[in-house]
Amino acid sequence: MKYYTRRFIRPNDLNTSNRLFGGQLLSWIDEEAAIYASCQMKHDHVVTKYISEIDFKTSARLGDILEIGLEVVSFGRTSLNMRCEVRQKKSHAAVIIVDRIVFVSIDKRGKPIPHGQITTREEDVPTFTQNEKIVANMAS
Ligand SMILES: CC(C)(COP(=O)(O)OP(=O)(O)OC[C@H]1O[C@@H](n2cnc3c(N)ncnc32)[C@H](O)[C@@H]1OP(=O)(O)O)[C@@H](O)C(=O)NCCC(=O)NCCS
């Protein structure tokens with residue numbers, strides 16, 4: 001599991017119980033998975049096909065820094081199977097685990113197209129520091 005992106009939880013990310021809104025976290029995961037899948041499949045046009053059961057392990061709060069991790073489970077002909085875990089940066093406590101996320105590479109008509117990739121490509125994904133998404137100004 002590689003953790004490429006960090007997120008700072010800001011006031012707008014909270015639900016009415018002052019915890020991180022689950023939908024916001026899923027949006028971050030979907031975006032991260034799309035970038036990762038595009039890099040791994042070496043294809044610009046990819047779509048979310050399937051997201052398995054989602055386990056919200058612990059809640060996260062204002063000011064927490066989260067790390068979003070992804071790993072390849074398997075390559076298909078047109079698809080990519082991934083696993084995702086989001087954890088607290090400081091404690092490494094799991095916040096959410098998604099056992100299976102499937103993205104499919106598509107052509108201009110939106111039809112599945114073979115991506116031709118069979119192995120994980122670490123060189124094509126950004127390093128942690130290049131891809132940091134920490135929003136420093138919480139006051140804004
Ligand atoms: C993605 C999409 C093009 C696939 O079309 P499809 O007719 O299901 O295509 P196929 O049956 O040929 O399947 C394509 C691949 O997806 C996989 N797949 C299909 N249904 C799946 C499912 N329920 N779970 C996991 N993988 C699935 C297939 O195994 C296949 O993988 P492979 O080629 O690596 O073996 C089509 O379902 C679609 O456009 N969905 C909407 C995507 C979207 O808009 N996502 C954003 C959601 S807001």
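**Entry 1. The E4–E5 hairpin and its neighbours**

I began with strands E4 and E5, which form a hairpin with three residues between them. The model is a predicted one, and I read every entry below with that in mind. The two strands of the hairpin pair in the antiparallel sense, over nine bridges. As a register check I looked up Leu70, and its bridge partner in E5 is Cys84.

I then turned to strand E1 (residues 2–8), which is joined to E4 by six bridges and runs antiparallel to E4. Here I noted Tyr3, whose bridge partner in E4 is Gly69.

**Entry 2. Overall composition**

I listed the elements of the chain and found one helix and six strands. Read from the N terminus, their order is β-α-β-β-β-β-β. I next asked how the contacts are distributed along the sequence. Among contacts with a separation of 6 or more, 69% are accounted for by residues 24 or more positions apart. Of the 140 residues in the chain, 27% are buried.

**Entry 3. Ile65 in the sheet**

I located Ile65 in strand E4. Is Ile65 buried, exposed or partly exposed? I find Ile65 partly exposed, because 13 other C-beta atoms lie within 10 Å, a count between the limits of 12 for exposed and 20 for buried. With neighbours within four places in sequence set aside, the contacts of Ile65 are Arg6, Phe8 and Lys89. I also recorded the C-alpha separation of Ile65 and Arg87, which is 8.7 Å for two residues 22 apart along the chain.

**Entry 4. The nonpolar core**

I examined the largest nonpolar core, which has 24 residues. The members that touch the most others are Ile29, Ala33, Ala37, Met82, Cys84, Val86 and Phe103. Helix H1 and strands E4 (65–75), E5 and E6 each supply at least two residues of this core. In soluble globular proteins, nonpolar side chains tend to be buried together.

I followed Ala33 further. Not counting residues up to four places away in sequence, Ala33 touches Leu70, Met82, Cys84, Ile101 and Phe103. Two of these names had already come up, since Leu70 and Cys84 are bridge partners.

**Entry 5. The shell around the ligand**

Which residues come nearest to the ligand? From a shell of 13 residues, I noted Tyr50, Gly76, Arg77, Thr78 and Ser79 as the nearest. By class, I counted six nonpolar, five polar and two charged residues in the shell. Strand E2 (46–51) and strand E6 (94–105) each contribute at least two residues. The largest share, four residues, comes from E2.

**Entry 6. Two positive phi values**

I looked for unusual backbone angles. Most residues other than glycine have a negative phi. Lys42 departs from this, with a positive phi near 50°. I place Lys42 in the loop between helix H1 (22–41) and E2. Lys42 is exposed, because there are 12 other C-beta atoms within 10 Å and a residue with 12 or fewer counts as exposed.

His92 is not a glycine either, and its phi is positive at about 65°. His92 lies in the loop between strand E5 (79–88) and E6. I find His92 exposed as well, with 10 other C-beta atoms within 10 Å.

**Entry 7. Leu62 in a loop**

I found Leu62 in the loop between E3 and E4. Leu62 is partly exposed, having 14 other C-beta atoms within 10 Å. Which residues does Leu62 contact, leaving aside neighbours within four places in sequence? I read off Ile9, Pro11, Leu14 and Asn18. The C-alpha atoms of Leu62 and Leu20 are separated by 7.4 Å, although the two residues are 42 apart along the chain.

**Entry 8. Confidence**

I closed with the pLDDT values. The mean for the chain is 89, and 87% of its residues reach 70 or more. Among the elements, E2 has the highest mean pLDDT (98), whereas strand E3 (residues 54–56) has the lowest (91). E2 is also the strand that gives the largest share of the shell around the ligand.

Where does pLDDT stay under 50? I found this over residues 127–140, for which the model has 15 contacts beyond four places in sequence.

How values were computed: Residues numbered from 1 in each chain as written. Predicted model: local features only at pLDDT ≥ 70, side-chain atom pairs only at ≥ 80, totals over all residues. Contact = placed C-beta atoms within 7 Å. Near = placed C-beta within 6 Å. Nonpolar A, V, L, I, M, F, W, Y, C, P; charged D, E, K, R; others polar. Core = buried A, V, L, I, M, F, W, Y, C linked by C-beta atoms within 7 Å. Pairing = 2+ DSSP bridges. pLDDT = per-residue confidence, 0-100.
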